[in-house]
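Work through the exercises below with the model open. Each task is followed by its solution.

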Amino acid sequence: MRKGLRRAKAEPRAWQRMLSGRRLDLLDPSPMDIEIEDIAHGLARVARWNGQTVGEHAFSVAQHSLVVEEIVAHIQPEIEPRWRLAALLHDAAEYVIGDMISPFKAALGMDYKAFEERLETAIHVRFGLPAKTPGPIKTLIKRADRACAFFEATQLAGFSREESLEFFGSAPTGYELQIEPLAPAAAQARYVQRFHILSEAAGYTSAPAAFDTE
């Protein structure tokens with residue numbers, strides 16, 4: 001190669017291959033490349049609190065999501081199944097991006113938020129939900145999310161009750177939870193099972209696959 005000439009540099013890889021065989025473009029995620037089995041597998045292996053919890057197993061995002069869906073139904077018993085499904089999927093994007101603690105999300109700023117929102121939209125479209133969750137439902141899910149965090153903080157992450165109340169608020173009246181972190185395989189299986197129950201109750205079917213992975 002002559003002096004002064006440089007070989008063109010290849011574009012950095014911006015996709016991730018999933019165990020299903022799908023290849024998800026992280027910058028422009030397509031609903032066709034999203035599978036619930038990939039989501040469940042990933043979330044069952046993503047630890048809440050960066051793994052800084054007591055017990056034999058980490059408390060996974062998959063198990064956290066199951067609890068949040070349960071709390072949503074406790075707060076609003078007559079809520080439609082599709083919004084319970086939205087609660088189950090509220091952290092689904094973390095199967096790709098991981099569970100970043102809130103202070104780190106704040107430090108990363110809007111670029112991170114925009115990326116997360118694109119992925120959440122693709123996930124919703126894939127599973128028949130509205131691309132954007134209505135404001136009141138988002139508020140309800142956030143309330144349930146914080147309630148779950150209260151239990152996690154006091155039982156698993158070493159927070160005092162006073163600290164947890166300060167950061168997350170109190171749990172809903174009448175709701176009690178004793179957390180027992182599940183092994184990844186168990187959390188994964190329960191997440192997939194709950195997804196199918198809620199999808200059927202909501203009358204949804206997944207968008208058709210764009211191609212075979214076999």
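**Exercise 1. State what share of the chain is buried, and describe its surface and confidence.**

Of the chain's 214 residues, 42% count as buried, where buried means under 20% relative accessible area, exposed over 50% and partly exposed in between (1.4 Å probe, protein chains only). The accessible surface comes to about 12,200 Å², 52% of it belonging to carbon and sulfur atoms; areas come from the Shrake-Rupley method with a 1.4 Å probe.

This is a predicted model, in which local features need pLDDT of at least 70 and side-chain atom pairs count only at pLDDT 80 or more, while totals for chains, interfaces and linings use all residues. Residues are numbered from 1 along each chain as its sequence is written, and side-chain values use heavy atoms, with hydrogens and water left out.

The mean pLDDT (the predictor's confidence in each residue, from 0 to 100) is 88, and 84% of the residues reach 70 or more. Over residues 207-214 pLDDT stays under 50.

**Exercise 2. Give the order of helices and strands.**

Helices (H or I, at least four residues) and strands (E, at least two) are DSSP runs numbered from the N terminus. The chain has nine helices and two strands, in the order β-β-α-α-α-α-α-α-α-α-α.

**Exercise 3. Describe the second largest pocket.**

Start with the term: on a 1 Å grid over the protein atoms alone, a pocket is an open set of points where a 1.4 Å probe fits, with protein on both sides within 12 Å along at least five of seven lines, and lining residues have an atom within 4 Å of a point.

Next, the volume, which is the space filled by probe spheres set on the points, with grid points joined across faces, edges and corners, is about 290 Å³. Of the 16 lining residues, Q63, L66, V67, E70 and R190 are the closest to the centre.

Then sort the lining. Helices α2 (61-75) and α9 (184-202) each supply at least two residues, and α2 gives the largest share, five. By class there are seven nonpolar, three polar and six charged residues (Ala, Val, Leu, Ile, Met, Phe, Trp, Tyr, Cys and Pro are nonpolar, Asp, Glu, Lys and Arg charged, the others, Gly among them, polar).

**Exercise 4. Why does V67 count as buried, and what does V67 touch?**

V67 lies in helix α2 and counts as buried because its relative accessibility is 11%. Beyond four places in sequence, V67 is in contact (heavy atoms within 4.5 Å) with C148, Y175 and L177. The C-alpha atoms of V67 and A147, 80 residues apart along the chain, are separated by 9.6 Å.
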